[in-house]
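User: I am new to this structure and would like a close look at a single part of it. Please pick one element and walk me through what it faces and what lies around it.

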Amino acid sequence: MISPKFAAPVAVALALALVPTIIHSYRGARLDDGLRASIIPERLDDMPSTATSRKPAWVQNNFDTADWIERTYKVQGIDTTLFVARSYDPKRLYHHPELALLRGMQTTPAGLTRLEGRPDVPLHMVDIERDDRQGVAVYALRYEDGYIDDPLMFQLRTSFELLVSRRKPLTLFMAHALAGRSTAIERAPATRLLLSAIEAFERGAAAPKP
């Protein structure tokens, strides 16, 4: 039995606890911003591409999304792979995406950098190696109109927001090539491709919606 004097506070607490359930179960858990990974063109800044053999089922299983692309572009004559995915399950994308995407390579996190031309885009760097070939991978995480430098702080910041609002997509951009490790990160083929993809996506986001 609950004392009558506690009945009102308990009722309020229970009502508040139902808010996330109502929002995510009945109103619809997702807020579609109308953007798609496929707005990034197959030919990007005069860099041609071909689709990789990545399977949709693999992406769905690992990142909980069907909204993705993966292409290999020729960047300065070097095969450089771009993966872009958008998911309403952010942790699937921001929690060490290189472990899934670069499986078969030796990966070593190499810190965070901001380039002079795009200081608003924190670039997460990963050194990669396979068959005695060394290279670099870089990735960026976009949420709403900004980019994430610390996924843990992002999780803490958004956890309370998601209790009372519909989920929004997070976008992962990753580029990698078995080249460029010996050069400055801003001149690496992976960095050039990543920034071109981000700029193309931003143009698509800024375009008037029909």
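Analyst: **A close look at helix 2**

Ala57 and Asn61 are exposed, on the side of helix 2 opposite its buried residues. Exposed here means over 50% relative accessible area, buried under 20% and partly exposed in between, with a 1.4 Å probe and protein chains only. Before we go on, please keep in mind that this is a predicted model, in which local features need pLDDT of at least 70 and side-chain atom pairs count only at pLDDT 80 or more, while totals for chains, interfaces and linings use all residues. Residues are numbered from 1 along each chain as its sequence is written, and side-chain values use heavy atoms, with hydrogens and water left out.

Helix 2 spans residues 56–63, and its buried residues are Val59, Asn62 and Phe63. Seen down the helix axis, these buried residues fall within an arc of 75°, so they line one face of helix 2; the arc is taken from the directions from the axis to the C-beta atoms. A general rule helps here: an α-helix has 3.6 residues a turn, so residues three or four places apart point the same way.

What lies over that buried face? The cover includes strand 2, strand 3, helix 3 (90–94) and helix 4 (97–101), where contact means heavy atoms within 4.5 Å. Helices (H or I, at least four residues) and strands (E, at least two) are DSSP runs, numbered from the N terminus. Just after helix 2 comes Asp64, with a positive phi near 55°.

Now for the rings in this part. Trp58, Phe63, Trp68 and Phe83 are linked into a cluster by ring pairs. Rings of Phe, Tyr and Trp (its six-membered ring) pair if their centres lie within 6.5 Å; planes under 30 degrees apart count as stacked, over 60 as edge-to-face and the rest as tilted. Arg54 lies over the face of Trp58, 4.3 Å from the ring centre; a charge sits over a ring if NZ of Lys or CZ of Arg is within 6 Å of the ring centre and within 35 degrees of the ring normal.

The structure holds six aromatic pairs. In one of them, the rings of Tyr94 and Phe154 have centres 5.9 Å apart and planes at 85°, so this pair is edge-to-face. It joins distant parts of the chain, with Tyr94 in helix 3 and Phe154 in helix 5 (residues 151–164), 60 residues apart. Tyr94 and Phe154 are both buried. That brings us back to helix 2, since helix 3 is among the elements covering its buried residues.
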